[in-house]
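Open the model in your viewer and keep the sequence panel beside it. The stops below say what to select next and what is there.

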Amino acid sequence: MTNRTLSILKPNVVAKHHTGEILTLIEKQGFRIIALKMLQFTTIDAAKFYSIHKNRPFFRNLNLFMTAGPVIVMVLEKENAVADFRKMIGDTDPQKAEKNTIRSLFGESKTRNAIHASDSEENARQEISFFFSEREITEKPYLLPIPEKEIDA
Ligand code: CMP
């Protein structure tokens, strides 16, 4: 079944100019980017987004990192998007991530692990609505009618 997932390119990959490269990998795997924006997390928003981890020892560090620079948030759509994208990004720890996964290629540590992805369909719905209103999500992204020939004015 076609579903949607939420992804965040984290501040380390944006700062290191890996955005284009990662978007290319994602599109080549058949994910459609149906919404995308760049933003900078506030401390409050990062704490809200990661509230499930609020009692973990790494929470403060994660918050400092996620607010350190701009991130790119996007909604991806595909058959089985949630599970397939988790597979494509790899383990939370880049050292343990399978070869050629996004985290193995671009991650530097468990905190600086390059990219976030929703871990369930329910969380994907919540995370998507955290960042995007329905009208910011395109419905028919690849059905643009393109005339076969240039039309003379
Ligand atoms: P992410 O997919 O964004 O979701 C929660 C984040 O918490 C995770 O990626 C990591 O960046 C971070 N994280 C999870 N576990 C640890 C850990 N043991 N040590 C440091 N950071 C962690």
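Begin by selecting Thr42, which is partly exposed because its relative accessible area is 42%, a value that falls between the 20% and 50% cut-offs. This is a predicted model, so each value on the tour is computed from predicted coordinates. Thr42 sits in the loop that runs between strand 2 (32-39) and helix 3 (43-49). Now add Thr92 to the selection and draw a C-alpha to C-alpha distance: Thr42 and Thr92 are 23 Å apart in space, with their positions 50 residues apart in sequence.

**The ligand**

Keep Thr92 selected, since Thr92 is among the residues that surround the ligand. To show the rest of the shell, add Lys10, Tyr50, His53, Phe58, Leu62, Arg103, Lys110, Thr111, Asn113 and His116. How do the residues of this shell divide into nonpolar, polar and charged? Three are nonpolar, five are polar and three are charged.

Next, display the side chains that place an N or O atom by a ligand oxygen. Start with Lys10, where the distance from a side-chain N or O atom to an oxygen atom of the ligand is 2.7 Å. Move to Arg103: here a side-chain N or O atom lies 2.9 Å from a ligand oxygen. Then go to Asn113, whose side chain has an N or O atom 3.3 Å from an oxygen atom of the ligand. The ligand taken alone exposes 460 Å², and the protein buries 82% of that. Switch on a surface and hide the ligand for a moment; the space that the ligand takes is the largest pocket.

**The loop before strand 4, and strand 4**

Stay in this part of the chain and select Ala114, in the loop between helix 6 and strand 4 (115-117). Is Ala114 buried or exposed? Ala114 counts as buried because its relative accessibility is 0%. Check the backbone as well: phi of Ala114 is near 75°, a positive value in a residue other than glycine. Most residues other than glycine have a negative phi.

In the loop between helix 6 and strand 4, pick Arg112. Arg112 has a relative accessibility of 40% and therefore counts as partly exposed. Add Val13 and compare positions: Arg112 and Val13 are 99 residues apart along the chain, while their C-alpha atoms are separated by 8.7 Å.

Go on to Ala117, in strand 4. With 1% relative accessibility, Ala117 counts as buried. From here, draw a line to Met74: the C-alpha atoms of Ala117 and Met74 are 9.8 Å apart, and the two residues are separated by 43 residues along the chain.

**Strand 3**

Now select strand 3 (residues 71-79), and within it Glu77. Glu77 counts as buried because its relative accessibility is 14%, and the cut-off for buried is under 20%. Show the side chain of Arg4 too; a polar contact of 3.4 Å joins the side chains of Glu77 and Arg4.

Also in strand 3 is Leu76. Leu76 has a relative accessible area of 0% and so is buried. Which C-alpha separation is found between Leu76 and Arg32? Their C-alpha atoms are 5.5 Å apart, although the residues are 44 residues apart along the chain.

**Last stop**

Finish at Asn100, in the loop between helix 5 (81-89) and helix 6 (102-106). Why does Asn100 count as exposed? Asn100 has 56% relative accessibility, and the cut-off for exposed is over 50%. Asn100 is not a glycine, yet its phi is positive, at about 70°. Set Asn100 beside Ala114 in the viewer: Asn100 counts as exposed, whereas Ala114 counts as buried.

Terms used:
Residues are numbered from 1 along each chain as its sequence is written. This is a predicted model: local features need pLDDT of at least 70, side-chain atom pairs count only at pLDDT 80 or more; totals for chains, interfaces and linings use all residues. Side-chain values use heavy atoms; hydrogens and water are left out. A residue is near a molecule or strand if one of its heavy atoms lies within 4 Å of it. A polar contact is a pair of N or O atoms within 3.5 Å; within protein, one must be able to donate a hydrogen and the other to accept it, and residues adjacent in sequence count only if both atoms are side-chain atoms. Accessible areas come from the Shrake-Rupley method with a 1.4 Å probe; for residues, only the protein chains shown count as cover. On a 1 Å grid over the protein atoms alone, a cavity is a set of points where a 1.4 Å probe fits but cannot get out, and a pocket is an open set with protein on both sides within 12 Å along at least five of seven lines; lining residues have an atom within 4 Å of a point. A molecule sits in a cavity or pocket if more than half of its atoms lie within 2 Å of its grid points. Ala, Val, Leu, Ile, Met, Phe, Trp, Tyr, Cys and Pro count as nonpolar, Asp, Glu, Lys and Arg as charged, and the others, Gly among them, as polar. Helices (H or I, at least four residues) and strands (E, at least two) are DSSP runs, numbered from the N terminus. Buried means under 20% relative accessible area, exposed over 50%, partly exposed in between (1.4 Å probe, protein chains only).
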